[in-house]
Amino acid sequence: MAQGRAVVGEAGVSGASGRVLPERVHVPSGRVLCLSDAAARVAAREVVGEALGEARRVEGEGALAAREGAPWLRDLRVLEGAGVVTEGGEAVAIGALSLRDAHVLRALLAWASVVPEEEGEFSCENCGEVFRAAPSALLEVGPFTDGELHDPDLDRSFDAGAWHAVPAFRAGGTLCRRVRLAERTVDEAMPLLLAAGGRSLRMTPAVAAAMGVVALGSERRASVIAEALSEAPEAAWSAVVDVYHEARYPARLWAVHRCAGCGARNDLDVPLERELSRGEVRAGGRRRGGERAAFPDLDAFEREVREAAERVYRVRGVRNIDLFVDAGVPLCDDGGEPLLGCYTPGGMDPVLMIERPPEVRIFYRSFEAEHRADPGFDVLAEIKETLDHEVTHHLHYLSGDDPLDDEERGEIEKERVRRVGVAESARRARQGLRAEVVGFLRVAWPLLLVAALGAWMGWCQGP
């Protein structure tokens with residue numbers, strides 16, 4: 001779990017990253033806003049300086065200092081600076097922006113190091129290795145700058161009229177199982193933005209309204225909604241926060257960090273500091289979790305795998321494929337996703353110099369992680385499907401062509417382009433090609449020179 005820590009210093013306001021704010025940016029509402037990097041850095045110096053001075057004056061008043069120093073409030077003040085955000089040559093009223101648009105602008109401020117960057121300590125979800133990362137610095141901004149916000153999933157608008165399912169909890173005298181959120185502008189959300197960031201969140205009717213929670217089941221009264229949210233069990237509160245994040249933060253506001261140890265992809269929230277978190281401590285809140293089936297231990301899991309393999313091998317008409325249940329760190333695909341299983345063709349072992357049979361490997365920890373993340377994960381069905389998938393790779397390998405492997409690599413590349421953007425992917429491809437050509441010339445120029453001289457001498461000598 002991330003432990004966020006803001007790094008306050010000159011790097012936060014002087015552009016030490018070498019990046020500048022994009023001059024034009026497309027935001028989720030469809031507007032195209034103009035940003036001034038120079039004006040933003042002037043505003044950031046003023047705001048950060050004032051915040052540090054205020055922190056010194058109120059030292060010892062922890063909750064107040066935390067509220068005054070909340071990153072989202074700081075960022076909004078920077079965006080309100082003279083000339084920072086314009087549209088059609090006119091200043092944009094930041095308070096009238098939707099929170100979705102405002103959070104995109106916040107992310108860009110951190111990406112360009114206009115404001116102090118968030119830094120967090122994380123554990124790799126695959127191998128557990130601890131790493132530090134600044135998520136905003138890893139954000140892919142191409143879709144925002146190139147106007148490619150048209151992916152049906154990543155750029156889907158939040159439906160303010162839709163109901164969202166949550167674990168059942170009481171609201172007034174009734175049991176509610178769904179929540180509805182309305183749109184909120186920065187000004188409308190200000191009671192929440194001011195209240196969040198302290199040691200605990202005091203849920204009042206004004207804060208609940210600022211969240212945009214307009215209905216819990218059949219309950220519409222703000223006072224009752226506030227009381228219900230403050231007393232909601234942890235699972236229900238986390239589900240409400242998930243809906244809140246979906247409503248206020250576009251799905252593109254996340255970054256990918258590849259673990260140096262195992263290569264796994266770790267998805268990080270951007271910006272890291274958000275006004276609500278799933279673990280938010282609420283005054284009066286109750287911690288209570290639901291019961292769920294335990295994941296099988298390694299011995300039981302291996303028995304299930306071997307029983308399923310017997311059935312799959314028999315149906316598929318294969319044999320002499322080694323089967324290994326791996327309890328270590330799972331391998332990852334080219335996209336950084338931990339594998340449930342993998343297939344290795346047979347061949348000569350380069351160390352032992354003996355012929356080894358083909359192998360199907362099943363990763364215990366990947367199944368355990370999926371079960372932990374998804375209550376509906378069917379372990380036995382997924383074991384069977386994974387074995388069948390790896391046997392399909394084996395059969396394709398024997399035939400000399402593996403279209404399944406090509407399809408998987410194609411999906412990984414498609415997902416990368418969705419995240420990075422088409423135009424930015426093309427730019428990187430051109431840069432990569434240019435770098436390869438330059439690298440080749442740097443190494444091969446003596447040979448090319450000799451060849452050219454030889455050709456010239458041959459031409460001079462004539463037939």
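The legends below describe close-up views of one helix and one pair of strands in a predicted model. Residues are numbered from 1 along each chain as its sequence is written, and side-chain values use heavy atoms, with hydrogens and water left out. In this predicted model, local features need pLDDT of at least 70 and side-chain atom pairs count only at pLDDT 80 or more, whereas totals for chains, interfaces and linings use all residues.

**View 1. Helix 14 and its two faces.** Helix 14, where helices are DSSP runs (H or I, at least four residues) numbered from the N terminus, covers residues 403-420 and reaches 26 Å from its first C-alpha to its last. Its buried residues (under 20% relative accessible area, with a 1.4 Å probe and protein chains only) are L404, R419 and V420. Seen down the axis of helix 14, these buried residues fall within an arc of 150°, so they line one face of the helix. The face turned away from that buried side carries E407 and K414, which are exposed (over 50%).

**View 2. The two ends of helix 14.** At the N-terminal end, D402 caps helix 14, with a side-chain oxygen 3.2 Å from the backbone nitrogen of L404. Just after the helix, G421 takes a positive phi of about 105°.

**View 3. The hairpin of strands 6 and 7.** Strand 6 (residues 118-123) and strand 7 run antiparallel and are joined by four bridges, strands being DSSP runs (E, at least two residues). One of the pairings places S123 opposite its bridge partner V130 in strand 7. Six residues lie between the two strands of this hairpin, and G128 in the turn has a positive phi of about 85°. Strand 7 (residues 130-133) has a covered face, F131 and A133, and an uncovered one, V130 and R132.

Terms used: The expected span of a helix is 1.5 Å times one less than its number of residues. The arc is that of the directions from the helix axis to the C-beta atoms. A polar contact is a pair of N or O atoms within 3.5 Å; within protein, one must be able to donate a hydrogen and the other to accept it, and residues adjacent in sequence count only if both atoms are side-chain atoms. Two strands pair if DSSP finds at least two bridges between them.
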